[in-house]
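Here are my notes for your review, set out as numbered points. Please read them alongside the coordinates.

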Amino acid sequence: MDDQRGVTVSKMSVSSGLESTRSQTSRTGRAAPPGVEPTRLRKWFIPTASTTLFILGALIFAAPLLIVLVSAIQPNMDLMTRGPAALPEHFTLGNFSSAWTQADLAQFYRNSLLILVVKVPLGILLTSLAAYPIATMRFRSRKTIFVLVLIGLGVPQVITLYPLLLMVSHIGLGGSVWSLLLPYLAFGTPLEILVMRGAFASIPRELLEAARVDGASDLYVWARICMPMVVPAIASLAILDGVSTWNEFVIALALLTNESSYTLPLGIFNLLGTFAQTNDAQLEAGTLICIIPMIILFFVSRRYLIRGMAAGALKG
């Protein structure tokens, strides 16, 4: 009896092993290697391949910045003889001071900071006031208004340059840095309303209705309940809007006729005309001076950017 039971148990173990092998073969299309499970291979291969691709992508995107950095910290003669891709033999920081003084980058910095600190908070304030009723109220033509706002995302800036030039000249702002404020607000409105609408829509409706039942006005609900709850979305919009405002070139080139009102992109364009044939190292140093603030801003606030965009995409 004991021998028969042993034979029966061994047959059952062999049959279960065969069934396990067949199931693995049917799932993968081929027999699994001995001693290695297919799931373990997938768990190792997918993260390794993803990490490798991310590293390669990061190197590709970081290569231009590294070339600018290497070119800016070496003498111009070394840059001309060895090329921008070679490691410098001599290091110098004189290119930064020369570019700052000779191209008058201080004045361009002031103009860019001035339009930045006014446009970004004002744009977020106006678009949050516009997105609040679209997201939280029920009224006729609500969806139509939202669709018309989104159409603005498809309007190219180039075809509006001549009407913008006529508009700012008629209101007496031609050539001034303040002539950029209204166009920047207009072109930033569609994306900001889209993000703020999604952030407001993610707030529980019961909370808003309870506040209204208690006698709170819509302005109070917007200012004291909704805005504190969408801080990540506001932070992400401030970062994106700040970067786009800092780097904008086409509208500034069309509207700014006075060199004292130039923003940083136009200042770099002016720097290109000054040093393009004489000192490439100073040109690279000036470019690096202009992009350093946005790089610092991104690394300091990247977690708010990710959280804000995720919060704004929860509900449409």
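1. Disulfides: the structure, which is a predicted model, holds zero disulfides. A disulfide is a covalent bond between the sulfur atoms of two cysteines. Two cysteines may still be described by their surroundings: Cys226 counts as buried because its relative accessible area is 0%, and Cys290 also counts as buried because its relative accessibility is 6%, which falls under the 20% cut-off.

2. Nonpolar core: the largest nonpolar core has 60 residues, and the members that touch the most others are Leu180, Met196, Phe200 and Val230. Helix H5, which spans residues 105-136, gives the most to this core, with eleven residues. If residues up to four places away in sequence are set aside, Leu180 touches Ile115, Ile251, Ala252, Leu255, Leu256 and Thr263.

3. Aromatic pairs: a search of the whole structure finds five aromatic pairs. One of them joins Phe108 and Tyr262, whose ring centres lie 6.3 Å apart with planes at 35°, so the pair is classed as tilted. Phe108 lies in helix H5 whereas Tyr262 lies in the loop between helix H12 (250-255) and helix H13 (264-275), so this pair ties together parts that are 154 residues apart in sequence. Phe108 itself counts as buried because its relative accessibility is 2%.

4. A further ring pair: the rings of Tyr132 and Phe200 have centres 6.0 Å apart and planes at 90°, so their arrangement is edge-to-face. Since Tyr132 belongs to helix H5 and Phe200 to helix H8 (residues 181-201), the pair ties together parts that are 68 residues apart in sequence. Both Tyr132 and Phe200 are buried, and Phe200 is also among the core residues named above as touching the most other members.

5. Ring cluster and helix H11: ring pairs link Trp100, Tyr109 and Trp246 into a cluster. Trp246 is one of the buried residues of H11, which include Pro232, Ala233, Ile234, Ser236, Leu237, Ile239, Asp241, Gly242 and Thr245 as well. Helix H11 (residues 231-247) has 17 residues and reaches 24 Å from its first C-alpha to its last, close to the 24 Å expected at 1.5 Å a residue.

6. A buried polar side chain: is Gln282, which is found in helix H14 (residues 280-312), buried or exposed? Gln282 counts as buried, because its relative accessibility is 8%. The side chain of Gln282 makes a polar contact, at 3.5 Å, with the side chain of Ser98.

Methods. Residues numbered from 1 in each chain as written. Predicted model: local features only at pLDDT ≥ 70, side-chain atom pairs only at ≥ 80, totals over all residues. Heavy atoms only, no water. Core = buried A, V, L, I, M, F, W, Y, C linked by side-chain atoms within 4.5 Å. Buried < 20%, exposed > 50% of the residue type's maximum accessible area, 1.4 Å probe, protein only. Helix = DSSP H or I, 4+ residues; strand = E, 2+ residues; numbered from the N terminus. Contact = heavy atoms within 4.5 Å. Polar contact = N/O pair within 3.5 Å; in protein donor to acceptor, adjacent residues only side chain to side chain. Disulfide = S-S within 2.5 Å. Expected span 1.5 Å × (residues − 1). Phe/Tyr/Trp six-rings, centres within 6.5 Å; stacked < 30°, edge-to-face > 60°.
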